[in-house]
Every structure is written in structure tokens, then in C-alpha cells.
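Reader: Mind walking me through this one? I'd like to poke at the surface first and then at the charged side chains.

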Amino acid sequence: MNNIKFRKIDIKNDNTHIIASWIYSTDIPLFKQLFGKDESDSINAIDKLIHLENNSYSHNFIDVAYYTNNPSEILGIIVSFKGSDINLKKELKDFYNTKYSNILSILCFPFINYFQASHIKPTDYYVGNLYVNDEYRGKGLGKVLVNKSKELYKKQGCNRLLLDVAINKKTLPDFYKKLGLKKCSKNYLTIMGKQYGSIGMEYKEE
């Protein structure tokens with residue numbers, strides 16, 4: 001994997017709409033709550049968020065993996081940030097500015113997150129989305145993305161790396177455990193016998 005490198009997303013030259021669709025696929029229930037049930041509306045909204053500055057899906061927080069001999073072909077993405085990088089009021093304003101959400105959905109967002117996601121501290125390094133391009137799966141790229149996330153966490157000087165695993169993704173906690181992460185919180189509700197939310201996992205340098 002020495003021939004894989006990382007760079008920030010280039011919103012002028014990279015296909016941000018495809019990247020938006022990848023981000024959408026990592027957390028469909030959340031985006032349905034924010035932008036409605038229409039998949040294309042959600043993807044268009046995420047695409048707009050990528051181009052804006054003050055939200056957790058901004059181009060400022062997206063790193064892309066590529067082969068050294070083909071920088072334009074994106075193998076996978078990491079969406080991550082330091083807790084102190086995000087201002088909730090500014091993020092909610094960006095959600096509104098996509099024109100694909102409504103005031104009620106936006107105002108409910110912090111409360112949904114409170115119960116269904118980890119509580120991010122200013123000194124946490126949060127990995128919100130990891131995605132491997134379908135064409136390159138089965139080549140160990142998931143491990144490469146996680147290891148790069150660890151590098152970013154150390155570079156930022158944060159206390160820990162933090163991520164959430166959707167409660168329905170039963171095999172992912174074991175994958176992350178093999179890469180040094182451990183469970184640190186249970187962030188889900190059970191409603192009518194069905195669970196909604198995630199499991200928090202963290203990594204700390206010894």
C-alpha cells in the first residue's frame with residue numbers, strides 16, 4: 001500500500017456529487033431525517049455542504065485516497081475533524097442554506113445527535129465518515145483509511161480518535177477492534193423493538 005497517498009478534496013476538479021453519494025450511503029437514516037426521504041435531494045444537499053465552509057461535511061474536512069500514478073482516481077474518503085472545528089450554530093445555518101431542509105428538521109438535529117451519536121469534546125478527533133470506492137473494495141483500503149485517520153488524529157494533537165458505528169452494522173466493531181479501537185459508548189434507543197443509533201469507538205495512543 002506504499003503507492004497510496006492522500007490529499008484534500010479539490011472541489012473544482014473532483015466529482016463532488018459522487019463523493020456526496022458516498023457520504024450519503026454511510027448514514028442514510030440521518031440524511032433522511034435532515035433532508036427528507038428523496039435520495040437525490042439528500043445527495044444534492046450534501047454536495048452543497050461540501051462546497052460550504054462551516055459544517056462537518058465541508059471540503060475542509062475531507063481527505064481522499066489515490067494511487068500515486070493516478071491522483072484523479074479516488075479510492076476512498078475520510079471525513080474527519082477536531083471537535084473544536086465545528087460551531088453548531090454555523091453548521092445548522094449551512095444545513096438551512098442547502099435549501100433542502102426545513103427549520104423543524106434542522107432544530108431537531110442536535111437532539112437526534114445527542115441520543116444517537118457520540119458526544120464530541122473539543123479535544124476529540126472525530127471520524128464522521130469512511131468510504132471505500134466500490135471498484136477498489138477487497139484490497140485492504142478500509143485499513144488504510146483507518147490508519148490514515150490515526151495519523152490525522154496524532155497530527156492534530158487530540159486526546160483521542162472517536163467514531164460511531166451504526167447499530168445495524170454488526171461486523172464493523174470487530175473490524176475496528178482489530179485496528180486498535182475499543183467500544184466507549186452506547187448511543188442508541190429501542191423503539192417498538194427496533195434499535196436506532198450507534199456504538200461509539202475510540203482510539204488513544206498509549
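**Patch, strand and loop**

Author: Sure. Keep in mind that this is a predicted model. To start with the surface, α5 (103-116) and β6 (182-191) each supply at least two residues of the nonpolar patch.

Reader: Which residues make that nonpolar surface patch, and what is its area?

Author: Tyr114, Phe115, Leu189, Ile191, Met192 and Tyr196 make the patch. Two elements, α5 and β6, each give at least two of its residues. The area comes to about 670 Å².

Reader: Is Tyr196 buried, partly exposed or exposed?

Author: Tyr196 sits in strand β7, which covers residues 194-203. Its relative accessibility is 33%. The buried class stops under 20% and the exposed class begins over 50%, so at 33% Tyr196 counts as partly exposed.

Reader: Now the charges. Which side chain of opposite charge is nearest to Asp164?

Author: Asp164 belongs to strand β5, residues 160-166. Asp164 is buried and has no salt bridge. A salt bridge needs a distance within 4 Å, while the nearest side chain of opposite charge is 8.8 Å away, and that is Arg160.

Reader: Which side chains make polar contacts with the side chain of Asp164?

Author: Leaving aside neighbours within four places in sequence, Asp164 is in contact with Ala117, Ser118, Tyr126, Asn187, Ser198, Ile199 and Gly200. One polar contact, at 3.5 Å, joins the side chains of Asp164 and Asn187. Another, at 2.5 Å, links the Asp164 side chain to that of Ser118.

Reader: And Arg160, what does its side chain make a polar contact with?

Author: Arg160 also lies in strand β5, and at 13% relative accessibility it counts as buried. Beyond its neighbours within four places in sequence, its contacts include His119, Asp124, Tyr153, Cys184 and Glu202. The side-chain polar contact has a distance of 2.7 Å, and the partner is Glu202.

Reader: Is Asn13 buried or exposed?

Author: Asn13 is in the loop between β1 (4-8) and α1 (16-26). Its side chain has a polar contact of 2.8 Å with the side chain of Asp10. The exposed class starts over 50%, so with 64% relative accessibility Asn13 counts as exposed.

Reader: How many ångströms separate the C-alpha atoms of Asn13 and Ala166?

Author: Along the chain, Asn13 and Ala166 are 153 residues apart. In space, the separation of their C-alpha atoms is 31 Å.

Conventions
Residues are numbered from 1 along each chain as its sequence is written. This is a predicted model: local features need pLDDT of at least 70, side-chain atom pairs count only at pLDDT 80 or more; totals for chains, interfaces and linings use all residues. Side-chain values use heavy atoms; hydrogens and water are left out. Patches are made of residues with over 30% relative accessible area and no salt bridge: like charges are joined within 9 Å, nonpolar side chains (Val, Leu, Ile, Met, Phe, Trp, Tyr) within 5 Å. Accessible areas come from the Shrake-Rupley method with a 1.4 Å probe; for residues, only the protein chains shown count as cover. Helices (H or I, at least four residues) and strands (E, at least two) are DSSP runs, numbered from the N terminus. Buried means under 20% relative accessible area, exposed over 50%, partly exposed in between (1.4 Å probe, protein chains only). Lys and Arg count as positive and Asp and Glu as negative; His and the chain ends are not counted. A polar contact is a pair of N or O atoms within 3.5 Å; within protein, one must be able to donate a hydrogen and the other to accept it, and residues adjacent in sequence count only if both atoms are side-chain atoms. Contact means heavy atoms within 4.5 Å.
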